[in-house]
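Q: Please give a close reading of one part of the model shown here, with the surroundings that bear on it. The terms should be stated with their cut-offs, so that each value can be checked.

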Amino acid sequence: MALITTDTADYAALFPHGGKLAGLDVGTRTVGLALCDAGWSFAGPSETLRRAKFTADLDALRAFVEREHAVGLVVGLPLNL
């Protein structure tokens, strides 16, 4: 299931039982990854993926999500540029 939104209530409704979220800070050379706990109270940095080809980046992201059992992704947007 996919949902692109800036409404936190809509996003939270997709995961009524919580679960870890993965945060992505997508740059041109790297993707910074962070994890939020299952109760959505605390988040912290996890690792940095060095960008390569799209398929390799996607495979690395999928492996991260599976390894960490993340139920959703949150992507940072550069709103102040």
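The answer below examines the sheet and the helix that packs on it.

A: The model is predicted, so local features need pLDDT of at least 70 and side-chain atom pairs count only at pLDDT 80 or more, whereas totals for chains, interfaces and linings use all residues. Residues are numbered from 1 along each chain as its sequence is written, and side-chain values use heavy atoms, with hydrogens and water left out.

The setting is described first. The protein chain has two helices and four strands; helices (H or I, at least four residues) and strands (E, at least two) are DSSP runs numbered from the N terminus. Along the sequence these elements follow the pattern α-β-β-β-α-β. The radius of gyration of the protein chain is 13 Å, close to the 12 Å given by the globule rule for 81 residues, so the chain is as compact as a globular protein of that length. That radius is taken over C-alpha atoms, and the rule is 2.2 Å times the number of residues to the power 0.38. The C-alpha trace spans about 35 × 35 × 25 Å along its principal axes.

The four strands form an open sheet with mixed pairing, in the order β3-β2-β1-β4; two strands pair if DSSP finds at least two bridges between them. Strands β3 and β4 (72–75) stand at the edges with a single partner strand each, so one side of each is left without a neighbour in the sheet. On average, neighbouring strands of this sheet are turned by 25° against each other, direction ignored. Axes here are lines fitted to C-alpha atoms, for helices over the stretch in contact, and angles run from 0 to 180 degrees between N-to-C directions.

Strand β2 (residues 30–36) runs antiparallel to β3 and is joined to β3 by seven bridges. In this pairing Cys-36 stands opposite Ala-43 in β3. Helix α2 (residues 54–68) packs on the sheet and touches β1 (21–26), β2, β3 and β4, with its direction at about 150° to that of β3. Strands β1 and β2 also pair in the antiparallel sense, over six bridges, and Asp-25 stands opposite Gly-32 in β2. The hairpin that joins β1 to β2 has three residues in its connection, while the hairpin of β2 and β3 has six residues between the strands.

Trp-40 lies in the loop between β2 and β3 and has a phi near 60°, a positive value in a residue other than glycine. Most residues other than glycine have a negative phi. With a relative accessible area of 30%, Trp-40 is partly exposed; buried means under 20%, exposed over 50%, and partly exposed in between (1.4 Å probe, protein chains only). His-69, in the loop between α2 and β4, likewise takes a positive phi of about 60° although it is not a glycine. At 61% relative accessibility, His-69 counts as exposed.

On edge strand β3 (residues 43–50), Pro-45 is exposed, with a relative accessible area of 81%. Leaving aside neighbours within four places in sequence, Pro-45 is in contact with Leu-33 and Ala-34, where contact means heavy atoms within 4.5 Å. The C-alpha atoms of Pro-45 and Leu-33 are separated by 6.2 Å, although the two residues are 12 apart along the chain.

Leu-33 also belongs to the largest nonpolar core, whose nine residues are Ala-22, Leu-24, Val-31, Leu-33, Leu-35, Leu-49, Leu-61, Phe-64 and Ala-70. Such a core is a set of buried Ala, Val, Leu, Ile, Met, Phe, Trp, Tyr and Cys residues joined through side-chain atoms within 4.5 Å. Two or more core residues come from each of β1, β2 and α2, and β2 gives the largest share, three residues. Phe-64 touches Ala-22, Leu-33, Leu-35, Ser-46 and Glu-47, not counting residues up to four places away in sequence.

Glu-68, which lies in helix α2, is buried, with a relative accessible area of 18%. Under the exclusion of residues up to four places away in sequence, Glu-68 touches Lys-20 and Leu-35.

For the chain as a whole, buried residues make up 21% of the 81 residues. Of the contacts with a separation of 6 or more, 36% come from residues 24 or more positions apart.
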